[in-house]
Amino acid sequence: MNYEEKIAVLKEKGIFSEEQAQRVANSFEKKEAGSLPHTKRTYTLEMVGALLLGSALLYIFIAVGSTGGAGGVEDISHSLNAPIDSGMSGQGSFVLLIVLVTIALYGVLYLYAHKRFRMFWRLAEKMAVLQENIHHTEVMKKELSQTLERLLQEEKEPESVVVSSSIRSDVMETIKETEAFLLAQKEQLTALEKKCLRRQQLFPDSLAKLAGKLPSCE
């Protein structure tokens, strides 16, 4: 709903007075649509990643530095006189492979957690917009109801029955449209709140908590 255009139409029809139109317009200034507090990051994953990477580099440094030749010698009838074993041991190579796999898995976890984290905050922004729309629509509905009450009072006066009756039909129709729009907005908001709560409680979407504090779903 384009509120500015709707207010202008209601003023033109004589349904809203200048004061009523101003009150509805002022409802937009109470909050900025989609305004949310800054996302609160915990940097837990970053600290774990730094620790993991540091440990891996330290292990590689120690493993490479401690590598030495073996004491045994091959049979010179088959090859030159050279050490039987050289480089990193089989056990050391296996540990290094585990470290590299762990780092790769951490990278996947990091990217996924941050993707879900951003998803939750985008969902919260949509919910904030819906809440603002509901707020503005409720203000408009309240003003329309007051207009309807005033018209019903005026209809009791014989000289204004014709004018009041014609405007009253427009007001009642506008109230019905406003209530239908308000109901649709509330249903959308309820659906998003349920979706947000469900995803925050279920794995693997709940991994987003590792990236930072998640927004409220209510």
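**Reading a predicted fold, one feature at a time**

User: Let's start with one residue: what is the relative accessible area of E179, and what do we call that?

Analyst: E179 has a relative accessible area of 36%, which makes it partly exposed. The general idea is a three-way split: buried is under 20% relative accessible area, exposed is over 50%, and partly exposed is in between, using a 1.4 Å probe and protein chains only. Before we go on, keep in mind that this is a predicted model, where local features need pLDDT of at least 70, side-chain atom pairs count only at pLDDT 80 or more, and totals for chains, interfaces and linings use all residues. Residues are numbered from 1 along each chain as its sequence is written, and side-chain values use heavy atoms, with hydrogens and water left out.

User: How much of the protein chain is buried?

Analyst: Of its 218 residues, 29% are buried.

User: How do I read the helices and strands, and in what order do they run?

Analyst: They're DSSP runs numbered from the N terminus: helices are H or I with at least four residues, strands are E with at least two. This protein chain has five helices and two strands. Starting at the N terminus, you'll pass α-α-β-α-α-α-β.

User: What is a nonpolar core, and which residues have the most contacts inside the largest one?

Analyst: A core is a set of buried Ala, Val, Leu, Ile, Met, Phe, Trp, Tyr and Cys residues joined through side-chain atoms within 4.5 Å. In soluble globular proteins, nonpolar side chains tend to be buried together. Here the largest core holds 17 residues, and F117, F120 and C196 have the most contacts inside it. Two or more residues come from each of α4 (90–154) and α5 (161–201). With nine residues, α4 gives the most. Another core lies apart from that one, with 16 residues including L10, I15, F16 and V139.

User: Which residues does F120 touch, beyond its neighbours in sequence?

Analyst: Contact means heavy atoms within 4.5 Å. Skipping neighbours within four places in sequence, F120 is in contact with C196, R199, Q200, D205, A208, L214 and P215. Take P215 from that list: you'll find it in the segment after β2 (212–213). P215 counts as buried because its relative accessibility is 7%. With the same four-place rule, P215 is in contact with F120, W121, A124 and Q200. Its C-alpha atom is 9.1 Å from that of C196, 19 residues away along the chain.

User: How do contacts look across the whole protein chain?

Analyst: Take the contacts with a separation of 6 or more: 77% of them are between residues 24 or more positions apart.

User: What is a salt bridge, and how many are there?

Analyst: Look for a side-chain nitrogen of Lys or Arg within 4 Å of a carboxyl oxygen of Asp or Glu. The structure holds eight salt bridges. One of them joins E177 and K6, at 3.3 Å from N to O. That pair ties distant parts of the chain together, with E177 in helix α5, K6 in helix α1 (residues 3–12) and their positions 171 residues apart. E179, our opening residue, has a bridge too: its side chain meets that of K141 at 3.7 Å, N to O. This pair also links distant parts, from E179 in helix α5 to K141 in helix α4, 38 residues apart. K141 is partly exposed, at 28% relative accessible area.

User: Where else can I look for salt bridges?

Analyst: Try K11 and E18, whose closest N and O atoms are 3.0 Å apart. K11 is partly exposed at 35%, whereas E18 is exposed at 52%. Then there's a network of salt bridges linking E19, R23 and E143.

User: How do I describe a pair of aromatic rings, and how many pairs are there?

Analyst: A pair of aromatic rings is described by the distance of the centres and the angle of the planes. Rings of Phe, Tyr and Trp (its six-membered ring) pair if their centres lie within 6.5 Å; planes under 30 degrees apart are stacked, over 60 edge-to-face, and the rest tilted. That rule gives two aromatic pairs. For Y106 and Y110 the centres are 6.1 Å apart and the planes at 40 degrees, so this pair is tilted. The two tyrosines sit about one helical turn apart because they are four residues apart in helix α4. Y106 is buried at 17%, while Y110 is partly exposed at 25%.
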